[in-house]
Structures are given as structure tokens and as C-alpha cells.
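Student: Hi! I've got a model to go through and could use company. Can we start with one strand and work outwards?

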There are 2 protein chains.
Amino acid sequence: MTNPERKAWSQDYSGWFHKVIAEVPIYDTRYPVKGTGIWMPFGYRLRKEVLRIIREELERTGHEEVLFPLLIPDYLLSKESEHIRDFEDEVYWVTHGGKTPLEVKLALRPTSETAMYPMFKLWINAYSDLPLRVFQIVNVFRYETKATRPMIRVREVSTFKEAHTAHATREEAEEQERIGVEVYSKIFERLKIPFLRTVRPDWDKFPGAERSIAFDTVMPDGKVLQIGTVHFLGQGFARAFDIRYMNSDGNYEHVWQTCYGISERAIAALISIHGDDHGLVLPSEVAPVQAVVIPIVYKGSEEEVLKRCKEVSEILKTSGVRVAIDDRRDMTPGNKYYSWEMKGTPVRIEIGPRDIDNNTVVLVRRDVLKKTPVNLDCLVEEVKRLFINIDEELTKRGREWMASKVREAETVDQAKSELDNNGGVVELNWCGRTNCGEELERTIDARILGVPFDKNGAENHITGAKCAGCNESAIKRIRVARSY
Amino acid sequence: MTNPERKAWSQDYSGWFHKVIAEVPIYDTRYPVKGTGIWMPFGYRLRKEVLRIIREELERTGHEEVLFPLLIPDYLLSKESEHIRDFEDEVYWVTHGGKTPLEVKLALRPTSETAMYPMFKLWINAYSDLPLRVFQIVNVFRYETKATRPMIRVREVSTFKEAHTAHATREEAEEQERIGVEVYSKIFERLKIPFLRTVRPDWDKFPGAERSIAFDTVMPDGKVLQIGTVHFLGQGFARAFDIRYMNSDGNYEHVWQTCYGISERAIAALISIHGDDHGLVLPSEVAPVQAVVIPIVYKGSEEEVLKRCKEVSEILKTSGVRVAIDDRRDMTPGNKYYSWEMKGTPVRIEIGPRDIDNNTVVLVRRDVLKKTPVNLDCLVEEVKRLFINIDEELTKRGREWMASKVREAETVDQAKSELDNNGGVVELNWCGRTNCGEELERTIDARILGVPFDKNGAENHITGAKCAGCNESAIKRIRVARSY
């Protein structure tokens, strides 16, 4: 396959990203509250298609959608002690209604465990109330003190999908954890976003969780972005919120819980990983416009060409393609190509007078920008074939990208030099001791992502190797990276 | 048509409403922040269908969906002086991020004019940037000091659809105001919710608007509920936020604006107006489950009956019906009927061993609870015919309900007695003077809704009649009601 042009993309990813989201436009960053932004019409439609995929995969696996209030009373937010310790510095507080000070301070949810679980206590009584599997898609808030970045590090996460489940036994909750990982894997596969699944080290778990499994991807600048997490909560929150069910012996037992989240970072990754110097390159399933028809008009042929464009558009629409005609009169075809390439539209269809004579159209696929004339009789078939080709190409590119960004290293120096030169993720042997891990992070100037996730839940213990940090016996293989 | 049982519904509407939303369940009011609630899975699906209709009608008329941040800096909220005067007592303020006091206080949006219009200033420059028509569906907040009521008077309005438009001329904005009224009329017609359209008196306009047109309906207790509003904003906000475009002479002019909103009150009205003592009665278009198949099993016939139920369900699903099978084993058919009637499911399909012998099923329509056996070969046709019949019946009932609740009166005494005995809306002649209006509201113990909206925008001036309040010359016909 022809390689796309990716000079701006690779040399100034941050500039590229800002330009693309502003020009499409996807997300306007000029709103005068730091760390927030506006989903513009095209961006909103892209977001909607991504959310459709997320909802489909969750509903298919028995999750029901709900919607909880935004505000959490302070006494609930602080019920689980680890949880509040991690969040207290970054919670926004509502303290006044009009000029009246509120009796109870209200937090803007940073995540919804402490909003949902008091209700779980009311909803769960009998064994037959379990399993409980709900999710919601909402905005959540973090008072970030670090530098913010559109869609990636924000103060209002505008698109937070959080799922929460409760189960009768540890085994059932662990099975749900595995299902959560599979659901997310499926979602990212449909988005053609390559990922690594990593069990986070204890010091980097979700506050209140027993275990956190993260989905990480590598962005164009080589930095790692966490794009999803699945948490096994054990019974900690169930105890804090007294969520119990009556077992077959008539005794009340605490439930076992999991929760998992995905945010608009998934959309930032979708935009970034597939893009090139012409702008977005979107997988067909999420492209708001999958095919755009562009009339190539000359004086005298306008009506005829436009009529054919409409026919072609109708045919595609009828067969389920999201199609648009760009019949703007004050714009050259070249400028139209530019604007639809920027939007990542998978297939462009050019129709001029000669195509009408020949009963053809010209298809241009976005990923490789290659033109193919096709007979009108094969239109739908050919367009759908191109969608498949594009999607396969994006999947392949994603895999190759990720493969090129995950390296092995023996020593701390190798790891550091690898990250300095190539970015991405480096795998190392490690002794498992926290203080050695901290030293390792400092020396490499990177973060320990954790241990590769194994489907069977094993932590991939190794023997016979030396820790890259302290040279003692290594017990784990860990991933190290510089991350957002 | 058989009249539905409506004893509980009419005698204790408030109790009926609370019972229905809890039992379906639609909306859980037990969340520990006053004036908020949780959309439960079935309620969420109902909400989704209603929002689908709202989106369809807005998109069909050229409105594009966007998503703005929740937080509005205090200096923006107070830019339009009338606007802030009306909202300042009921705005929630975020004052702290973690333990740090914020430099600029942030309001939870009570509505989004002051969030959107600074961006309109950036988006609008040339004539070709107009008209601008966007909408968003978000949560908004009001620190209500009155008693709250689920979905009707809340502190977190969880479902606020707000549309905002900008135009080059007064005429174009007035045309948009008319389109807004038509879009809303279409939405409520599709929901089978009867409505009156009324131009609010000056003292009851949206703060910052030149004119407000309201959609009101009458709830089962005879009280009026405002379920939608369309505002003609003139140039007030455009001036406050300096939103201008360059006209053909090269001069900058302020734009003309409109905005219009609908909230979950539309869903409260949908639930309330169609309901009966068995629970919800839903129009087919918004029913999350349009048809439910219930196996009537006897020992030995279980498998055969369940197999037939699945076949019937498949046939309906293929033809686009949202169908469910209730194959719960630990529940009698009678209890299943009860639960699906409570949910308002338009058509129930009962299938027992005898139906298999006869190649029939029994259809039961929810509005009149009438049973009809039909041949399996006509299944899809008959089910869809029932949907139409139910929808027509609900439209008819809605019209009759509204007709029975709008009365004429000559005098203040008549008006008061009418409202005391029948509730609803009373129409009166009025002189148009504010102080007479205030006196009239006090005497009747009711609210002046305003003047009937005329499609042509005229204010229906009358001559030759006397004001019911002061006996001077009347110039308007007004509507008076007790309202939520």
C-alpha cells in the first residue's frame, strides 16, 4: 500500500492535532473555561458513532443504560476512604445556591461510584437482584492542576462512559472483569485502535480497587495514552456502602463489584492514530459521512452532472451508506477534496461529464488517496468493498504501529535510550518491590505501566531472570513508558 | 371505545404519578440530593425514544447538534442584565477546586445563552455564516426554593433540549420563531400530548427575550404544565455579546436571535396524560417495548408454546417491531399482564396451547384492554393496525381532554369558580394593563398564561368587549390557569 504523507503528523503531532480538531471542526477549544471544549456538529456526529459502538457492545453483554445526577453530597464522596483520599484535591465543589450557602457541599462527580452505590444498596436485596450491570454516559469533572490538553487532559470530561456491576461471588465478579476486558477489546478493535492491556501496579490502581487493568495505546509522538480501564473492586465499596444480598442460607453477604470506564480519549486516539497530513482518516463504521459525492462541473453540464450525483447519492443512501453531496457553487473541486480529506471521509466519489458518457464514477479512497474508475452498475458493491479495504488497512497500520513501538530492554540504560529515541513502551524484568519500582521510574524518567494482562488472570510470573533495576531476582515482566 | 379505569389517576394524580414512576420503574426519586432523580433502565429507554423524535424534528429543519461545557464563568452569566437579574437567585455556584478557591466563580448552567453566545461571536463574521442553528441536550440546574416534584420541578433538569439560532434580519428570525413553534407542535403531536400555544405576558417572558411563546398542557389534576417555550430574542443578547456579521455594504450589524427549549416535563406529560389506573399507556412510537409476547403454559406444553412465542417474536422483530418475550418461570401470566400494563406496552400477545392448535394468537391492546384473537398469518398486519388504532385513540382522548379543560368566562367570579371546580384553563377579556392583570391574578388566585398564539403572529386584538378585571375596554383575550 502507498504510505500516506505523515510529515506534519509525525514531526509536530501536537500542532497537527490542534489544527485538525479546529479545522474539521471537531472540538472548539476557545471556550473561556480552562480544560473544557465544545463538540462542534461534525465532531458531535463522530462522537455519536463512537458512542453507538460502545452502547452496542455493552447492551449485547447485558448492561442497561441509566442516568444518575451530577451532584454528590460530600458525606457520600468521602465514604470510601481510599477513594476520597485520591480525589479530594481535584473535586469541584458547589457551595452556594444563589446567594445561600448550602448546608451540604455538593461535588461535581469525578466518577460515580459514590453516587451509584448508595442506590445499589436500595436496589439489591435478594440473590435474584444479581448480577446488576448498569452504565451511563455523562460528563465528569477533575480540577486538573497539570497543563490541560483538548480531549486528553481536561477538567470537564464531557464523554465518560462508566459501567458498574455487582455480583454474588468473587468468581462471578472476576468473570465480569474478564467480560469487561473483552467488551473494551471489541470496542477498540471496531475503532481500529491498537492497544496493550496492562495490569497496573498497586500504587497506580483506581482508588478503592483491588486490581486495575488498563488499555493503553501509543500516540504519534510516542507517548502512551490510557484509553480505558477495567477495575475489580472486590468488596471494599460494598462494605463502605453496605450493599448486601440474602444468600441461600438466609444470611446477608456483601456483593462483589467491578467498574470500567472509557472517555473521549478514545476519540482523541481514533483521530490521532489514523490521521495523516491531509487530516482525519476514519474507519468506515464511525465516519459521520462515509462517502461524499463531488460534482465536477463545466459550463453547460451543471444540471446533468448534478442530476447524476443525486442519483448516485440516492442509490448509496438506499443501501445504507451515510452519504453527502457537496454541491457548493462557490468552491473549486480541489478545495472540496481538501475539506473532505480533512474530515476523513473514507470514500470520495467524483462525477464529471465524461463519467456520464462512460456510465462510470471515480472512487478515491481516503487512506491511500488512490483513484479507481468504476462502472456505475457496480457502485454499491465497489464502495462497500473499499470500506472493507480501508478498515483492514487501518487495522493493519495500527498493528504495525504498535509493534514498532513496543520494544524489549535488558537494562535501565537501554530502556531509557529506547524511550528517548523511539518513544512507545519498553518491557523489562523487575523484582516486584515498590521502592525498586520507584527508583526505576526515576532513573528511566518514565512510568511503570504494569504487567501484561493475561486472559487467564495470571500475572505472568517469571523465574531465572534479573531485575533491571536492582539486579536481584526478577519475578515479573513490566512495561515502562512515558505517558500522558 | 371503552373508557379506561381512571379512578386513582383522577382522584389522586400525585400519588398515581409517584407510584407509576417507581413501579415501572422510570425514575428513582430516592437519590439523596433534593430535586434530583435517577433515570432507570426502562425510563431511560422511554427518554431515548422521546429524544429520538425531538432530534428527528430538529435535524429535519436544519438544526445541528453540539455540546457545550457545563460551567459558565460569573462574568459571562451576568453580561445580559435582565437575564442575570432573573437567574441570580437560583444559580448553583462552584467556588472551589479541591481546597483551592477559584479565581472566577463558575455557575452550573441554568440555560446556555451566556455559554453559547460568546462562541457565536467567534463563529459568526460573514453573512454566509448565517443562519446559525444549533441545539444541545444537556442537564441544567436551578436552585429551586419551592417544593420540588419529580421530573416537573427539579433542581437538576436532566434532560434539557435547547436550540439557539442567529439570523441576519428581524424577518428571518421571526420566520425561525414560527418554525420553532411548528417543530414543537410536531413533536407534541407525535407524542399525542395536547397543547395550547400562548404568548406569555411581558412580565412572564424569558429574561432577555422580546417575546415568549409557551406550550402548555393540562395535567390530570387540572393544573397547567408548561412543556415547551419558543423565545424571540431580538438583538438584546447580540448586543450584550457583540455578535455581528458584515452586511452587503461592508458594515457590521448585530444578529437577530431565537432560542427554544423542551425538558423532561414533556416526558412527565406523556406519562400523565395518557395513563390510567393500570399504569402507563404509551403511544407506539415511543414505547420502549411495543409488543410483549406472553406464553400461557400448562404442564407438558411448555416447550411447544415457548417455541411458538419465539417464532412470533422473530416475525415481529424482522418487521421492525420492538418486541420482548416474557418467559419468566416464577411468575403467573396474570402478574406478567400486570407488569406490562404498568409499563404501557401497546400490544400484548398471549399464546397458549389452544392457539397453537388454531394457528392463532390473542392480541390485547393497552388503551382499552380489549382482546382480539387473530390468525397467525395476519400477525404483523394486525399488530401494526393496532398501533395505529391506539395512537389515534390517544390523540383523540388528548383532544377531548383538552377541550373539556378550556372554558370561557365573562367575569372574575365565573373564572374562579370554573378553576375551582374544573381546573384547566379559562379564557377572559382583558384591558391589557399590567396592574389590572396583577389584580386579576390575585382575585382569581391563578396565573395569566397570556394571549392565544396566532400563526400569523397577530396578538388577536378584540374590540367592543369589557375587561373582566376592571370593566374598561378589553383589547385582548387572555388565558388564566393554575399552574405548576
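Tutor: Happy to, and keep in mind that this is a predicted model. Let's take S15(B): Ala291(B), Val293(B) and Pro295(B) point one way from the strand, while Val292(B) and Ile294(B) point the other way.

Student: Are the residues on those two sides of S15(B) buried or exposed?

Tutor: Buried, on both sides. Five of the five residues in strand S15 (residues 291-295) of chain B are buried, so the strand is largely enclosed by the rest of the structure.

Student: And why do the side chains split like that?

Tutor: That's the usual strand pattern, because side chains in a regular strand alternate between the two faces of the sheet.

Student: Which strands pair with S15(B)?

Tutor: One is strand S16 (residues 323-325) of chain B, joined to S15(B) by three bridges and running parallel. There, Val293(B) stands opposite Ile325(B). Another is strand S17 (residues 347-351) of chain B, which pairs with S15(B) over five bridges, again in the parallel sense. In that pairing Ile294(B) faces Glu350(B).

Student: What unit do S15(B), helix H10 and S16(B) make?

Tutor: A right-handed β-α-β unit, with helix H10 (residues 302-318) of chain B as its helix.

Student: Switching to the core. Which residues have the most contacts inside the largest nonpolar one?

Tutor: Leu270, Ile349 and Val480, in both chain A and chain B. That core has 276 residues.

Student: What does Val480(A) touch?

Tutor: Leaving aside residues up to four places away in sequence, its contacts include Ala415(A), Val426(A), Leu428(A), Ile444(A) and Arg447(A).

Student: Now the two chains. How is chain B related to chain A?

Tutor: A turn of 180° with a shift of 0.0 Å along the axis lays chain B on chain A, at an RMSD of 0.0 Å. That is the relation of a two-fold axis.

Student: Which residue of chain B comes closest to the rotation axis?

Tutor: Val94(B), whose C-alpha is at 2.1 Å.

Student: How many residues does each chain put into the contact?

Tutor: Chain B gives 41 and chain A gives 40. On the chain B side, S5(B) gives the most, with six residues. By class, that side has 25 nonpolar, seven polar and nine charged residues.

Student: What does S5(B) pair with across the contact?

Tutor: Strand S5 (residues 92-97) of chain A: five bridges join it to S5(B), and the two run antiparallel. For one bridge, Trp93(A) has His96(B) as its partner.

Student: Why say the copies meet through the same surface?

Tutor: Because 98% of the interface residues of chain B are also interface residues in chain A.

Student: Last topic, backbone oddities. Where are the cis peptide bonds in chain B?

Tutor: One runs from Val24(B) to Pro25(B), with omega near -15°. Pro25(B) sits in the loop between helix H2 (13-23) and strand S1 (27-28) of chain B. Another runs from Leu130(B) to Pro131(B), with omega near -10°. Pro131(B) is in the loop between helix H6 (113-123) and strand S7 (132-141) of chain B.

Student: And what's up with phi of Leu369(A)?

Tutor: Phi is near 55° there, a positive value in a residue other than glycine. Leu369(A) lies in the loop between strand S18 (360-365) and strand S19 (370-375) of chain A, and is partly exposed, with 16 other C-beta atoms within 10 Å. Leu369(B) also has phi near 55°.

Key. Residues numbered from 1 in each chain as written. Chains lettered and ligands numbered in written order. Predicted model: local features only at pLDDT ≥ 70, side-chain atom pairs only at ≥ 80, totals over all residues. Core = buried A, V, L, I, M, F, W, Y, C linked by C-beta atoms within 7 Å. Buried ≥ 20, exposed ≤ 12 C-beta atoms within 10 Å, placed from the backbone. Contact = placed C-beta atoms within 7 Å. Least-squares fit on C-alpha atoms with pLDDT ≥ 70 in both. Helix = DSSP H or I, 4+ residues; strand = E, 2+ residues; numbered from the N terminus. Pairing = 2+ DSSP bridges. Right-handed = clockwise from strand over helix to strand, strands pointing away. Nonpolar A, V, L, I, M, F, W, Y, C, P; charged D, E, K, R; others polar.
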